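Trainee: I've got the structure open and a list of terms I'd like to pin down. Can we go through what earns each label?

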Amino acid sequence: MDIHEYQAKEILSGFGVPVPRGGLAYSPEQAAYRAREIGGDAWVVKAQIHSGGRGKAGGVKVCQDEHQVYDAADELFGKRLVTHQTGPKGKVVYRVYVEGAALIEREIYLGFVLDRKTERVMVVASAAGGMEIEEISATRPDSIIRSVIEPAVGIRDFQVREVAFKLGLKPAQITQAVNTIKGCYRAFRELDATMVEINPLVVTSDDAIVALDAKMTFDDNALFRHPSVSELRDKSQEDPRESQAADRGLSYVGLDGKIGCIVNGAGLAMATMDMIELAGGKPANFLDIGGGASPERVAKAFRLVMSDGDVEAILVNIFAGINRCDWVAEGIIQALEANPVNVPVIVRLAGTHVEEGRKILSKSGLPIIRAATLKEAAERAVAAWKNDSKHNVKMVASS
Ligand code: GDP
Ligand code: MN
């Protein structure tokens, strides 16, 4: 789960990371009021969306007076910002954050990620932070500082000082930088984050270290033990289909093809998508019903996949171990009887109670295309989809 910059700053500030004074606003009036509250003579108005790269997309505006703050906020509210991280659909701005502007001397990059190779949390830093960091890591990978943290002992002082020295910080700045790096790591560990990123971490003209931007991502599977984090979730920033699925305990991934996939298990989902591509089609999404799915859950999954307007065929591929094919079949029938669909439905069942499942499907009299193997299922799905979308005919029953 991602959170907003202002939320990440509030969390990190609780761990001793210095952040600028700021206030959240839901209207231009409120933004101007925030600027007055903060004081000073320059402010930055920042669009709060779950994405980086806002600066380049016009989502960060430096202002010299209250009127400019008002206008900047007015322009941002309701705007759909498209950044290199949002995809072409972009993300809509419903909140802006107003901060006192900092006098920047240097911009540093500081990140914490899970490094799969070492299976450790790794500090990643660069003396050349700011908006061009992607370019720098691509063209000058050697300039990136990396330091792996030993989980049993945690982050060590000498290790943090080494990073600070490599960043070329002056003695007057080292202690603050060390506290900042350690604070970020503690937040990462204690809150089960999967990513903490401060870009830029700036050195101001009076030698202060300040986190000018902050990004945090959390492990969804650990959210249950951090209610204060999980309540920061902002559904307006998520794919509505993915959040609806998550609310129902299903996991959904939206893609850009035409064949909707209902499967059980992530591995089977990958295999199903590969087979669809091999047969000449493209998946519109995949929905994992998980293990032990009841007919009601399967029916919900069906409705969710159908609510995606791009779906022109549905492939159900279940290899039941903990699941039961008869329950899956009942779920499919429940869904189709309640909301008949006008796209072909292809079902492949295998595993526990498969015979009962097949019987239920054939007895139902519903126009379901059945397949015995995954290969056959993918081929039939692609064929049915092509036929349907070309001639726009209603499909007929088949065995
Ligand atoms: P991002 O583009 O989404 O990563 O948004 P950032 O919060 O990193 O802001 C983008 C850029 O705006 C930063 O790299 C800074 O150069 C600039 N910026 C942000 N806050 C301030 C500020 O307080 N003062 C000044 N002068 N520039 C700022
Ligand atoms: Mn940034």
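**What earns each label**

Mentor: Let's start at the metal: in this predicted model, the manganese ion (ligand 2) has the protein donors Asn199 (O) and Asp213 (OD), lying 2.1 to 2.2 Å from it.

Trainee: What makes Asn199 and Asp213 donors of the manganese ion?

Mentor: Donors are N, O and S atoms within 2.8 Å of the metal. Asn199 (O) and Asp213 (OD) lie 2.1 to 2.2 Å away, so they count as donors. Water is not among the atoms, so the site may look incomplete.

Trainee: Where in the chain do the members of this pair sit?

Mentor: In distant parts, 14 residues apart: Asn199 is in strand S10 (residues 193-204), while Asp213 is in the loop between strand S11 (209-211) and strand S12 (215-218). Asn199 and Asp213 are both buried.

Trainee: How do you know that the bond joining Asn199 and Pro200 is cis?

Mentor: Look at omega, which is about 5° for that peptide bond. Pro200 lies in strand S10. As background, most peptide bonds are trans.

Trainee: What makes the phi of Asp192 worth a remark?

Mentor: Its value is near 55°, positive in a residue other than glycine. Most residues other than glycine have a negative phi. Asp207 also has a positive phi, of about 65°, and is not a glycine.

Trainee: Why is Asp192 called buried, and why is Asp207 called partly exposed?

Mentor: The cut-off for buried is under 20% relative accessible area, and partly exposed runs from there up to 50%. Asp192, in the loop between H6 and S10, has 18%, so it is buried. Asp207, in the loop between S10 and S11, has 26%, so it is partly exposed.

Trainee: And Asn264, which UniProt lists for "binding site": buried or exposed?

Mentor: Buried, because its relative accessible area is 12%, against a limit of 20%. The record is an unreviewed entry. Asn264 lies in the loop between S14 and H9. Beyond residues up to four places away in sequence, it touches Asp288, Ile289, Gly290, Asn317, Ile318, Phe319, Ala320 and Asn323.

Trainee: Why are S13 and S18 called edge strands?

Mentor: The open sheet has six strands in the order S13-S15-S14-S16-S17-S18, with mixed pairing. Strand S13 (251-254) and strand S18 (368-371) each pair on one side only. The twist averages 15° from one strand to the next.

Trainee: How do you know that S13 and S15 pair?

Mentor: Two strands pair if DSSP finds at least two bridges between them. Four bridges join S13 to strand S15 (residues 283-288), so they qualify, and they run antiparallel. Among the bridge partners are Tyr252 and Leu287, the latter in S15. Helix H9 (residues 266-278) lies across strand S14 (259-263), S15 and strand S16 (313-320), at about 160° to S15.

Trainee: What makes a group of residues a nonpolar core?

Mentor: They must be buried residues of nonpolar kinds such as Leu, Met and Phe, joined through side-chain atoms within 4.5 Å. The largest core has 43 residues, and those with the most contacts inside it are Leu12, Leu110, Phe112, Leu169, Met216 and Phe218. Helix H6 (residues 171-190) gives the most to this core, with eight residues. A second, separate core of 33 residues includes Leu287, Val311, Ile318 and Leu361.

Note on methods:
Residues numbered from 1 in each chain as written. Chains lettered and ligands numbered in written order. Predicted model: local features only at pLDDT ≥ 70, side-chain atom pairs only at ≥ 80, totals over all residues. Heavy atoms only, no water. Helix = DSSP H or I, 4+ residues; strand = E, 2+ residues; numbered from the N terminus. Axes fitted to C-alpha atoms, helices over the stretch in contact; angles between N-to-C directions. Contact = heavy atoms within 4.5 Å. Donors = N, O, S within 2.8 Å, 3.2 Å for Na, K, Ca; no water. Buried < 20%, exposed > 50% of the residue type's maximum accessible area, 1.4 Å probe, protein only. UniProt positions renumbered as here; feature names shortened; annotations may be inferred.
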